[in-house]
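Let's take a walk through this protein together, starting with the overall picture and then stopping at a few residues and a pocket. Keep the structure open and turn it as you read.

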Amino acid sequence: MKQRVISGAVLVVILAITLYFGGIVTCGLMALVSLVGNMELLRVYGVNKKTPGIVCYLATVLYYIAIYLDRMDIIVPMMVIYLLVMLAVYVLTFPTYSDKQIMAAFMDFFYVSVMLSFVYLIRNMEHGLVLVLLIFVSSWINDTCAYFVGRALGKHKMAPVLSPKKSIEGLIGGIVGAGVFGAVFGILFDKYVDTMNYAPLLFAVVGAVGALPAVIGDLAASAIKRNNDIKDYGKLIPGHGGILDRFDSIIFTAPIIHYLLVYGPEIVLTVIAPSESVIVTTLYLFPPSVTRTTICLLYTSPSPRDGATS
């Protein structure tokens with residue numbers, strides 16, 4: 001337990017320093033974390049030191065260079081080329097690698113490298129230093145709250161075969177806890193995000209909504225381990241396992257939070273009223289230049305005919 005706490009504290013310090021500086025420092029660290037994660041997953045399928053693995057590592061490096069240079073226009077062509085190269089390796093070396101190994105190596109790039117890159121993409125946004133912390137609110141705070149609520153109140157198993165210790169009560173507790181902590185986080189940092197309206201509300205919603213994919217990410221990583229009869233992906237982080245053991249929930253949470261912040265759902269509150277007397281007011285959680293997240297409030301205005309005498 002002591003080893004787990006110490007290594008966890010060291011990890012938090014490294015992340016804090018890296019996220020504080022942002023830019024190439026954050027991009028470089030996430031590229032390194034992705035490469036280690038690539039290696040851990042490729043090792044499960046026995047291709048971490050073979051040609052499919054090397055192709056995956058190369059794709060990861062080129063991908064991070066592209067997003068750092070803001071060349072998002074070449075990402076899709078790069079992914080198409082990556083697929084073609086991986087299939088070329090498969091057919092030109094047949095039957096050296098099984099279809100399962102090739103598909104695992106192909107998926108590895110998207111599952112680890114692309115998904116984790118959203119940590120950098122969020123950090124690169126306006127107010128990114130604050131917003132990127134929402135990833136950890138939705139994943140690690142959710143995990144902590146779910147653990148304690150599950151231990152205290154857990155009675156109904158959520159995934160009895162895959163993860164017997166997880167309960168529906170813990171799931172709800174984790175989502176609520178992440179939402180509440182998100183709101184508190186928004187209140188504390190409200191003055192630092194001066195171009196953002198309703199930060200406590202936004203952070204609460206993002207924290208709670210982001211907690212659900214965090215659970216899916218955790219279970220997905222567990223399912224892969226169960227299918228391949230391994231306990232941990234690695235031993236890089238003492239007491240925690242490998243990169244994928246510690247970042248499994250972040251892999252799913254980071255992209256969801258990124259798209260919540262950039263596009264966001266439109267929450268429409270509608271009061272049934274005659275169409276001619278409805279006034280629409282749009283309240284921006286961010287200025288339009290930052291995100292498209294809005295709340296549209298529809299309310300009834302008094303009709304000029306109301307109260308009129310004939």
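Of the contacts in the protein with a separation of 6 or more, what percentage comes from residues 24 or more positions apart? The answer is 69%. Keep in mind that what you're looking at is a predicted model.

Now for the general layout. The secondary structure comes to 10 helices and 5 strands. The protein has 310 residues, and 45% of them count as buried. On the outside, about 16,500 Å² is exposed, with carbon and sulfur atoms supplying 69% of that area.

Let's turn to charges. Side chains of opposite charge can pair when their charged atoms come close. Searching the whole structure turns up 4 salt bridges, and three make good stops on this tour.

Begin with K166 and D218, which form a salt bridge with their closest N and O atoms 2.7 Å apart. This pair links distant parts of the chain: K166 sits in strand 2 (residues 163–167) and D218 in helix 9 (residues 199–227), 52 residues apart. Is D218 buried or exposed? D218 has a relative accessible area of 16%, and because buried means under 20%, it counts as buried.

Next, find R71, which pairs with D73 in a salt bridge; here the closest N and O atoms are 2.9 Å apart. R71 has 39% relative accessibility, so it counts as partly exposed. Its partner D73 is exposed, at a relative accessible area of 53%.

Another salt bridge joins the side chains of K231 and D232, at 3.6 Å from N to O. K231 is exposed, with a relative accessible area of 69%, while D232, at 34%, is partly exposed.

Two more residues are worth a click. Q101 lies in helix 5 (residues 99–123). You might wonder which residues Q101 touches, leaving out those up to four places away in sequence. They are Y45, G46, V47 and T96. Q101 has a relative accessibility of 17%, so it counts as buried.

A183 is found in helix 8 (residues 168–189). Again setting aside residues up to four places away in sequence, A183 touches P200, F203 and A204. For a sense of distance in this part of the model, try V206: it is 23 residues from A183 along the chain, and the two C-alpha atoms are separated by 9.4 Å.

Last stop: the second largest pocket, which has a volume of about 260 Å³. Which elements give two or more residues to its lining? They are helix 1 (2–21), helix 2 (23–44) and helix 10 (243–262). Helix 1 gives the most, with 5 residues. In total, 14 residues line the second largest pocket, and L11, I14, L236, I237 and I243 lie nearest its centre. As for the chemistry of that lining, 13 of the residues are nonpolar and 1 is polar, with no charged residues. To see this for yourself, colour the lining of the second largest pocket by class and look for the 1 polar residue among the 13 nonpolar ones.

Methods. Residues numbered from 1 in each chain as written. Predicted model: local features only at pLDDT ≥ 70, side-chain atom pairs only at ≥ 80, totals over all residues. Heavy atoms only, no water. 1 Å grid on protein atoms, 1.4 Å probe; cavity = no way out; pocket = protein on both sides within 12 Å on 5 of 7 lines; lining within 4 Å. Points joined across faces, edges and corners; volume = space filled by probe spheres on them. Helix = DSSP H or I, 4+ residues; strand = E, 2+ residues; numbered from the N terminus. Nonpolar A, V, L, I, M, F, W, Y, C, P; charged D, E, K, R; others polar. Buried < 20%, exposed > 50% of the residue type's maximum accessible area, 1.4 Å probe, protein only. Contact = heavy atoms within 4.5 Å. Areas by Shrake-Rupley, 256 points an atom, 1.4 Å probe, with all protein chains shown as cover.
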